[in-house]
Structure formats: structure tokens, C-alpha cells
Amino acid sequence: MMIPLVVLLLAGVGCDTKQKGPSNLSVGRSKLIDSGNALEAVEHLERAEQEEVNKLEPRALLLIAYSHGLSTGSASSHGVEAKFKNQREQRIQELTEAEIKQILQILSRPSRVQRDGLQVLVDKGPEASVIILDSLTIGRYPSLHENFPEVLVQIGSDGLDLVLAKLTDETTSPALKVKLVQVLAGIGDAKAIDALKTLQSGTGEATLAMEINTTLYQLGEESYKKDIIAGLSHSDVAARRAAAKAMVNISDVSSKTLIAGLKDTDSEVVTSLVKALEVHRDADAVDELLNILTGGLDKDPKQAAINALDIYGQNKLARGLAKRVTMLLIGGTVSDADTRLRLVQLLKREPFLKQIQVTELYDNLEFKLYEYQKEKEQSELVKSSLKQLLDALQ
């Protein structure tokens with residue numbers, strides 16, 4: 001029987017146009033980046049490394065996959081820990097500049113494997129520092145810029161000379177110099193002192209000068225303490241922020257100086273000073289800390305104030321505060337619901353729960369809070385938090 005020519009031609013076309021499935025590279029990439037499944041990703045990526053003409057992406061993804069499998073424990077639980085460790089160590093040693101850049105390109109998209117990829121750069125060391133410092137300079141991989149300083153800190157003294165070279169380069173912007181001084185503070189290597197002093201003597205940037213002051217102090221140069229404390233009243237808000245952030249580590253700083261600084265209008269300055277007052281405690285700070293809760297600053301200093309007052313309560317430095325806060329809450333003078341919610345959150349902390357409980361015979365704050373919650377509070381969120389407080393008191 002003769003088969004018509006047109007049928008044969010159509011059959012041939014059908015064979016030629018048969019659709020291929022997704023590549024091992026695309027499947028492996030999806031398994032790793034989208035699902036965080038290192039084990040299945042490795043299977044596909046190992047094949048992709050053999051199949052792909054351009055090996056950069058599969059090799060970069062494989063290194064991240066081995067790292068993720070180890071950090072999550074999945075490699076150990078599936079009996080491939082030794083293989084993953086050996087492959088990771090070998091590939092980090094062989095890691096090229098182009099592969100480092102490919103890893104950075106992959107990590108530019110937020111994912112659950114980002115931390116493991118950044119750890120690869122830390123373990124590679126100075127070779128990764130070079131690319132990171134250049135990227136910070138020219139603005140490459142901008143989504144990773146907030147991660148880069150910590151990577152440089154973890155690389156540590158091995159990358160110190162590279163950081164110092166970039167710091168002392170006249171073409172480096174003041175903003176980047178500030179970041180690099182903060183990196184040196186994190187590394188904590190005294191070998192940076194001379195370069196920092198030289199840079200200090202030649203800079204007219206108030207923020208940079210203050211960051212250098214705080215880093216030199218941290219590296220053991222006590223003579224900079226006076227300049228740092230004076231920075232709390234600097235006209236440049238960025239300089240005040242740098243000085244305030246250092247206060248938690250300044251020895252024998254006057255708590256009165258810190259308390260006075262709480263009147264600053266900048267939330268970041270106030271937040272740092274509140275945290276410093278957790279270390280340099282003074283019962284005289286309680287009034288100002290409470291004022292922060294009811295003032296006009298943003299949520300960060302308010303939350304810091306709650307945490308600080310909790311610590312003060314634990315250390316018997318906030319006697320009678322639960323009564324003050326309760327009366328403020330039920331008195332009808334706090335119109336902002338968010339502020340009332342924060343006052344309730346403070347009362348829910350253990351030291352103030354105890355203070356409420358011991359007032360039963362003479363003030364009975366619990367009953368007053370119950371009546372207020374039942375009859376006066378209009379915000380459902382505040383009412384819900386008050387109910388939790390009352391339940392905890394039971």
C-alpha cells in the first residue's frame with residue numbers, strides 16, 4: 001500500500017518540531033533559587049556543568065548549592081555531607097574573578113540562599129574583597145551594597161590592606177569612606193590606626209571625622225573620647241548619629257550627658273542614646289524614656305525606650321512606673337492609639353506586671369485597667385492588647 005507523500009512530509013515536520021523540555025541549568029536554578037532545594041538542584045546543575053558551553057552560571061550555582069546543602073543540614077541528613085564539603089572547598093580554591101561576579105549577579109536577586117552565597121565570598125577572602133570594593137566604588141550590584149560591609153568585616157585582617165588602600169584613595173567618595181571606616185571598626189585591627197590618623201588630619205567632612213574618632217577609640221586610642229562626647233551636640237546630624245552610636249561603648253560616660261541628648265529631634269540619635277542608657281543606667285533617665293513613648297519621634301526610639309524601661313524595671317530603677325503608665329493610659333489625655341498601644345506593651349513586660357499585681361490592696365490598677373478596657377478604649381487593637389495584659393495578670 002502506497003503512503004501519500006503529503007503524510008510522510010507532515011510526519012517529518014512533526015519530528016523536527018518536537019518540543020524539548022527545560023534545560024538542566026534552568027531546572028537546577030529554579031530548584032535552588034526558587035525552592036531552596038539544594039540536593040535536587042545539585043543533580044541538575046552537575047549535569048548542566050557538563051552540558052553548557054558557558055560554564056560560569058552552573059559553576060556559580062553549584063557552589064552556592066553545595067553551601068546551602070551544608071548550612072541547612074540537608075547534605076548531612078542525606079549522606080552527602082563529605083562530598084558537598086570537598087566540592088565546596090575545591091571550588092572556592094578554584095573560584096575565578098568571573099565566577100565571583102557571576103555569584104554576585106545571582107545574589108542580587110533576594111532569595112533564601114543569599115546568605116550562603118555571601119559566605120562563599122567571605123571564605124574566598126581578599127580576591128573577593130577586590131571585587132566588592134570596586135563594586136562599592138562604581139555602584140555595581142546595588143542591592144547587595146548593604147551586605148558588602150559585613151562581608152568585608154568577616155574577611156577581616158586578610159583584606160585589611162585592600163580596605164585601607166581604598167579608604168586612602170583620593171578618588172573614593174566621602175560616603176564610601178565612612179562605610180570603610182565602619183568596616184575597620186568591625187575588623188578591629190590596630191594596624192589601621194596610623195592610616196586613620198592620617199586621614200583624620202586631612203578631612204573636612206564632619207561625619208567622616210566623627211566615624212574616625214569612634215573607630216580610633218574602639219581600637220584603643222582613649223584620647224578621642226572627649227571629641228566623641230562633644231559630637232553629641234554637633235550641628236551636623238550625621239556627626240551626631242555617629243557620636244551617639246558610639247556611646248554604648250564609651251567608658252565612664254556621664255549618664256546626664258546621655259539623658260540630655262534624648263531631647264534631640266533626630267530619631268536615630270535618640271535610639272542610639274536610649275541603647276547606651278541600657279548600659280550606663282541611671283534612674284533619672286526614666287522620665288525622659290517615658291516622654292519618648294508619648295512624643296513625636298518614630299517607632300524605633302519608642303521601641304528602644306520600651307526595651308530600656310524593661311531593663312530598668314528588672315534592675316529596680318523604675319519603681320512606681322506601672323502606676324504612672326496606667327494613670328496616663330486611662331486618663332484620657334493620650335489621643336493617639338499607637339501611643340496607647342505602646343503603653344500597654346510596656347505594662348505587659350514582666351517587671352511592670354509584678355508592679356500592677358502588688359497594688360491590689362491600695363490602688364488596684366488591674367481593676368482600673370479592666371474598667372478602662374471595657375468602657376472607654378475605642379481602638380480594637382488596644383483593647384485586644386489590654387485583654388492580653390489582663391489575662392497575664394490572672
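**A surface loop, an aromatic pair and a helix in a predicted model**

Tyrosine 362 lies in the loop that joins helix 23 (350–357) to helix 24 (365–375). The structure is a predicted model, and every value below is computed from it. The relative accessibility of tyrosine 362 is 57%, so this residue counts as exposed, the cut-off for that class being over 50%. Together with Val358 and Leu361, Tyr362 forms a nonpolar patch on the surface, and the accessible area of the three residues together is about 420 Å².

The loop between helix 23 and helix 24 also holds asparagine 364. Its backbone is notable for phi, which is near 50°, a positive value in a residue other than glycine. With a relative accessible area of 29%, asparagine 364 is partly exposed.

A positive phi outside glycine is found at lysine 316 as well, where the angle is near 60°. Lysine 316 is placed in the loop between helix 20 (299–314) and helix 21 (321–330). Its relative accessible area of 56% makes lysine 316 an exposed residue.

The text now turns to aromatic contacts. A pair of aromatic rings is described by two quantities, the distance of the centres and the angle of the planes. The count of aromatic pairs in this model comes to one. Its members are tyrosine 66 and phenylalanine 84, whose ring centres are 5.0 Å apart and whose planes stand at 80°; the pair is therefore edge-to-face, since the planes are over 60 degrees apart. Tyrosine 66 belongs to helix 4 (residues 56–72) and phenylalanine 84 to helix 6 (residues 81–94), so that the pair links distant parts of the chain, 18 residues apart. Both rings belong to buried residues: tyrosine 66 has a relative accessibility of 0%, and phenylalanine 84 has one of 2%.

Helix 12 offers a check on geometry. The helix has 14 residues (174–187), and at 1.5 Å a residue it should span 20 Å; the C-alpha atoms at its ends are 20 Å apart, which agrees with that expectation. The buried residues of helix 12 are Leu176, Lys177, Val178, Leu180, Val181, Val183, Leu184, Ala185 and Ile187. These buried residues pack against helix 9 (126–138), helix 10 (148–155), helix 11 (160–168), helix 13 (193–202) and helix 14 (206–218). Just after helix 12 comes glycine 188, which takes a positive phi of about 70°.

Technical notes. Residues are numbered from 1 along each chain as its sequence is written. This is a predicted model: local features need pLDDT of at least 70, side-chain atom pairs count only at pLDDT 80 or more; totals for chains, interfaces and linings use all residues. Side-chain values use heavy atoms; hydrogens and water are left out. Helices (H or I, at least four residues) and strands (E, at least two) are DSSP runs, numbered from the N terminus. The expected span of a helix is 1.5 Å times one less than its number of residues. Buried means under 20% relative accessible area, exposed over 50%, partly exposed in between (1.4 Å probe, protein chains only). Contact means heavy atoms within 4.5 Å. Patches are made of residues with over 30% relative accessible area and no salt bridge: like charges are joined within 9 Å, nonpolar side chains (Val, Leu, Ile, Met, Phe, Trp, Tyr) within 5 Å. Accessible areas come from the Shrake-Rupley method with a 1.4 Å probe; for residues, only the protein chains shown count as cover. A salt bridge is a side-chain nitrogen of Lys or Arg within 4 Å of a carboxyl oxygen of Asp or Glu. Rings of Phe, Tyr and Trp (its six-membered ring) pair if their centres lie within 6.5 Å; planes under 30 degrees apart count as stacked, over 60 as edge-to-face and the rest as tilted.
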